[in-house]
Amino acid sequence: KNGIVDRHWMPQSEICQPCTVNYNHVGFFEYLNDDTNHILDQIGVKDEIVKADVVSPAGQTKSTTAVTQELFNALSQEDIDAMFEFYKRDFVLFGYEKDVNSPTFPYPSIPERQG
């Protein structure tokens, strides 16, 4: 409304500045379980395995993939296009595709983790 974007909805590239900060790891919502466990392993907490599923208001447990797909399926193509324009830099920097019909959607195309 007034041109100010709530921090929670800002493009991640503006918040974390990946071009100016040398991060050791960039985590993805779509890989939440793997990324969390990878970081715990890196800091020496190997015995703690985390399973991060999303629980809906109805108490139903869903995978992060299922939640992402449901949310995108509820959007019109016009909304998807507008979202892509707003988050275009994030889509490019973090390897996301605009095509929600892609067989790999919603997973970003990221290089294999080293180590």
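Buried residues are those under 20% relative accessible area, exposed ones are over 50%, and partly exposed ones lie in between (1.4 Å probe, protein chains only). This is a predicted model, in which local features need pLDDT of at least 70, side-chain atom pairs count only at pLDDT 80 or more, and totals for chains, interfaces and linings use all residues. Residues are numbered from 1 along each chain as its sequence is written, and side-chain values use heavy atoms, with hydrogens and water left out.

**View 1. The whole chain has five helices and two strands.** Helices (H or I, at least four residues) and strands (E, at least two) are DSSP runs, numbered from the N terminus. Following the sequence, you will meet them in the pattern α-α-β-β-α-α-α. Of the 115 residues in the chain, 23% are buried.

**View 2. Ser-13 sits in helix α1 (residues 12-15).** Ser-13 counts as buried because its relative accessibility is 3%. Its side chain makes a polar contact with the side chain of Asp-90, at 2.8 Å. Such a contact is a pair of N or O atoms within 3.5 Å; within protein, one must be able to donate a hydrogen and the other to accept it, and residues adjacent in sequence count only if both atoms are side-chain atoms. Beyond its neighbours within four places in sequence, Ser-13 is in contact (heavy atoms within 4.5 Å) with Pro-18, Arg-89, Asp-90, Leu-93 and Phe-94.

**View 3. Here we meet Phe-86, found in helix α4 (residues 77-86).** Phe-86 counts as partly exposed because its relative accessibility is 40%.
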